[in-house]
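Please look over the sequence and the structure shown here before reading on. The report is meant to be read with both at hand.

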Amino acid sequence: MAVTLADVAAHAKVSSATVSRVLSGNYPVSEATRARVLRAVNELDYVVNGPASALAAATSDLVGILVNDIADPFFGIIAGAVQSEIAGLPGGGGKLAVVCNTGGSPERELTYLTLLQRQRAAAVVVTGGAAEGAGHAAAVAAKLGRLTAAGTRVVLCGRPPLPHSGDGEPAVTTLAFDNRGGAQRLTEHLLALGHRRIGYVTGPPDRTTTRHRLEGHRAALAAAGLTKGSERLTVHGSFDRASGYDATLELLRREPGLTAVVAANDTIALGAFAALRDRGLRIPEDVSVAGFDDLPFSADAVPALTTVRLPLQDAGARAGRLAMDRETAPPGGVATIRAELMVRASTAPPR
């Protein structure tokens, strides 16, 4: 039986009128009451029974694109490529793309998925790494399962696949980046040059991208017998320039003889560049620096940044075609996109 507005009101211990006011957003309601109502909506999986939902389970012309931070070129490139694929199909038939900026918040991610379900979105593309934690993973899987059951096509781009029961083809298609392999090849490059005191600057510890790239880095160190001290030479932060700057200064404090810094993305690497220069160190003569993603500015950095290339434009375009059902899903519903090492002038043998 469908959940009703009255069910939500009873669950939240408020009146039906209060629930209606919270959902319409056109009447002042206390923040505590609003939070309680929205929690009840999520827990009961209530879908607003508006005019659009009366169209007998038909989907709308809306496609949702979830990103962590649209100001980050990584997400901007993917989202732009997705939008280009879905907005203007030959002969008409395009969809309206809505970019949902989660700010890295697991709660906001779930809220957007609920809102897209209410709007009967034709497709949803979820980009970037996922927040770690069994509870959130289960909640996301449940939300995406309800979306696919209602006819929404769901594509994960740059995100690990969901657990699969093994009964038939998975309903959610995944384009996963080879973050582990790319990070391992990058550190192997530095080791081959002769570096042994290598610092690593990474993102928040609760993100899958952080974990997978760090695992690749440490796998290369382990193969070279250099696991001792790897924890001390790893600093977590955000995936931004400021974190790269601060973390690099911390690495120099911990290990003044540092000869290389590996950054978990190119934006962090720019912060590392600035920190090293402010300390009077030359790149790569004194300290080599490497990044990840191969964002557009990487080749134009001074010196040009050694990094790992992810085909973000191609991956986003492919996700858009899959979302529009214009490309066949890969076998098993999962395709791994290889990361390519790009050796440039920011890395050199240590002196």
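What follows takes up two buried residues, two helices, the salt bridges and the aromatic pairs in turn.

## Basis of the report

The model is predicted, and features at the level of individual residues are described where pLDDT is at least 70, while side-chain atom pairs are counted only at pLDDT 80 or more.

## Arg-159 and Thr-208

Arg-159 is found in the loop that runs between strand E4 (153-157) and strand E5 (172-177). With a relative accessible area of 4%, Arg-159 is buried, since the cut-off for that label is under 20%. Once its neighbours within four places in sequence are set aside, the residues in contact with Arg-159 are Glu-109, Val-126, Thr-127, Gly-128, Gly-129, Ala-130, Val-140, Thr-174, Leu-175 and Ala-176. With Glu-109 there is also a polar contact of 3.1 Å between the two side chains. Asn-179 is 20 residues from Arg-159 in sequence, and the C-alpha atoms of the two are 10.0 Å apart in space.

Thr-208 belongs to helix H8 (residues 208-223) and is likewise buried, with a relative accessible area of 6%. Leaving out residues up to four places away in sequence, Thr-208 touches Gly-129, Ala-130, Glu-132 and Pro-160. Gly-129 and Ala-130 thus appear among the contacts of Arg-159 and among those of Thr-208.

## Helix H6

Helix H6 consists of 16 residues (residues 134-149), and the distance from its first C-alpha to its last is 22 Å, close to the 22 Å expected at 1.5 Å a residue. Among the residues of H6, His-136, Val-140, Lys-143, Leu-144 and Leu-147 are buried. These residues cover an arc of only 95° around the axis, which means that they lie on the same side of H6. Ala-134, Gly-135 and Ala-149, by contrast, are exposed on the other side of the helix.

The cover over the buried residues of H6 includes helix H3 (31-44), helix H5 (106-118), strand E3 (123-127), E4 and E5. Val-140, one of the buried residues of H6, is also in contact with Arg-159. After H6 comes Gly-151, which has a positive phi, near 100°.

## Helix H3

Helix H3, which is part of the cover of H6, has 14 residues that should span 20 Å at 1.5 Å a residue, and its end C-alpha atoms are indeed 20 Å apart. In H3 the buried residues are Thr-33, Val-37, Ala-40 and Val-41. Viewed down the axis of H3, they fall within an arc of 100°, and therefore they line one face of the helix. The exposed residues Glu-31, Ala-32 and Glu-43 are carried on the face turned away from that buried side. Just after H3, Asp-45 has a positive phi of about 55°.

## Salt bridges

Across the whole structure, a search finds 18 salt bridges. One of them joins the side chains of Lys-95 and Asp-61, at 3.1 Å from N to O. Lys-95 lies in the loop between helix H4 (73-87) and strand E2 (96-101), whereas Asp-61 lies in the loop between H3 and strand E1 (62-67), so this pair ties together parts that are 34 residues apart in sequence. Asp-61 counts as exposed, at 52% relative accessibility.

Arg-185 forms a salt bridge with Asp-178, in which the closest N and O atoms are 3.7 Å apart; Arg-185 is partly exposed, with a relative accessible area of 21%. In the salt bridge between Asp-294 and Arg-309, the closest N and O atoms are 2.7 Å apart. Because Asp-294 lies in the loop between strand E9 (288-290) and strand E10 (307-309), and Arg-309 in strand E10, the pair ties together parts that are 15 residues apart in sequence. Asp-294 counts as buried at 15% relative accessibility, while Arg-309, with a relative accessible area of 33%, is partly exposed. Elsewhere, Glu-85, Arg-318, Arg-321, Arg-326 and Glu-327 are joined into one network by salt bridges that share partners.

## Aromatic pairs

The structure holds two aromatic pairs. Phe-74 and Phe-75 form an edge-to-face pair, with 5.0 Å from centre to centre and 75° between the planes, and both residues are buried. Phe-74 and Phe-177 also form an edge-to-face pair, here with 6.2 Å from centre to centre and 85° between the planes. Since Phe-74 lies in helix H4 and Phe-177 in strand E5, this pair ties together parts that are 103 residues apart in sequence.

Phe-74 has a relative accessible area of 8% and is buried, and Phe-177 counts as buried at 8% relative accessibility. Through these ring pairs, Phe-74, Phe-75 and Phe-177 are linked into a cluster.

How values were computed
Residues are numbered from 1 along each chain as its sequence is written. Side-chain values use heavy atoms; hydrogens and water are left out. Helices (H or I, at least four residues) and strands (E, at least two) are DSSP runs, numbered from the N terminus. Buried means under 20% relative accessible area, exposed over 50%, partly exposed in between (1.4 Å probe, protein chains only). Contact means heavy atoms within 4.5 Å. A polar contact is a pair of N or O atoms within 3.5 Å; within protein, one must be able to donate a hydrogen and the other to accept it, and residues adjacent in sequence count only if both atoms are side-chain atoms. The expected span of a helix is 1.5 Å times one less than its number of residues. The arc is that of the directions from the helix axis to the C-beta atoms. A salt bridge is a side-chain nitrogen of Lys or Arg within 4 Å of a carboxyl oxygen of Asp or Glu. Rings of Phe, Tyr and Trp (its six-membered ring) pair if their centres lie within 6.5 Å; planes under 30 degrees apart count as stacked, over 60 as edge-to-face and the rest as tilted.
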